[in-house]
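Here is a short briefing on one protein model. Metal coordination comes first, then domain packing.

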Amino acid sequence: MSKIVRTGVSFPEELLRAFDKVIEELGIESRSQAIQEAIRHFISLHSWRIAEEDVAGAVLVHYSHEEHGLEEGLTDVQHEFIDLVPSALHLHLSKSDCLLIIAVRGKASRVKDLLKSLRRVGRVKQLTHLIMPTY
Ligand code: NI
């Protein structure tokens with residue numbers, strides 16, 4: 001077992017309250033245990049960025065197709081990254097909103113470039129991703 005280190009962290013009160021609510025719902029015994037789990041999740045969510053390795057996953061873009069030029073821009077970027085993007089799924093969420101699920105497979109650095117390019121297209125409502133190493 002590895003050595004345990006104690007540290008102090010500051011939280012906005014509402015954030016900690018919301019965290020405790022989830023901990024209770026999940027039946028996790030202590031806040032420390034939950035924070036350790038959250039940190040592991042954070043590392044697995046972001047560690048692919050610091051390695052030059054093969055990854056695969058999905059980029060999720062929530063946007064309004066009423067936003068001028070946005071949809072065309074998002075499509076243009078996918079075509080620019082044709083080596084990385086084998087396909088995408090378009091879900092119509094409401095009269096105005098769409099969710100684009102862009103499948104990606106390639107080098108981590110290339111995925112980072114894709115994310116930057118998608119952000120530059122315009123004002124999307126949410127842009128998130130689930131990327132995992134494939135080695
Ligand atoms: Ni749509």
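Three protein residues donate to the nickel ion: H90 through NE2, H92 through ND1 and C98 through SG. The donor atoms lie 2.1 to 2.4 Å from the metal. The model is predicted.

**Nickel site**

- Along the sequence, the donor residues of the nickel ion follow the spacing H-x1-H-x5-C.
- Is the donor H92 buried or exposed? H92 is exposed, because its relative accessible area of 66% is over the 50% cut-off.
- C98 has a relative accessible area of 1%. That is under the 20% limit, so C98 counts as buried.

**Domain layout**

- The chain is split into two parts: domain 1 covers 13–49 and domain 2 covers 54–133.
- The centres of domain 1 and domain 2, taken over C-alpha atoms, are 27 Å apart.

**Domain interface**

- How many residues of each domain are in contact? Domain 1 brings 4 residues, and domain 2 brings 8.
- About 570 Å² is buried between domain 1 and domain 2. Carbon and sulfur atoms account for 64% of that area.
- On the domain 1 side, L45, W48 and R49 supply 93% of the area buried against domain 2. No other three residues supply more.
- The domain 1 residues that touch domain 2 comprise 2 nonpolar, 1 polar and 1 charged.
- Across this interface the rule finds 0 salt bridges.
- The count of residue pairs in polar contact between domain 1 and domain 2 is also 0, with both residues at pLDDT 80 or more.

Methods: Residues numbered from 1 in each chain as written. Predicted model: local features only at pLDDT ≥ 70, side-chain atom pairs only at ≥ 80, totals over all residues. Heavy atoms only, no water. Donors = N, O, S within 2.8 Å, 3.2 Å for Na, K, Ca; no water. Buried < 20%, exposed > 50% of the residue type's maximum accessible area, 1.4 Å probe, protein only. Domains from an automatic or database assignment. Contact = heavy atoms within 4.5 Å. Buried area = accessible area lost by both parts, 1.4 Å probe. Salt bridge = Lys/Arg side-chain N within 4 Å of Asp/Glu carboxyl O. Polar contact = N/O pair within 3.5 Å; in protein donor to acceptor, adjacent residues only side chain to side chain. Nonpolar A, V, L, I, M, F, W, Y, C, P; charged D, E, K, R; others polar.
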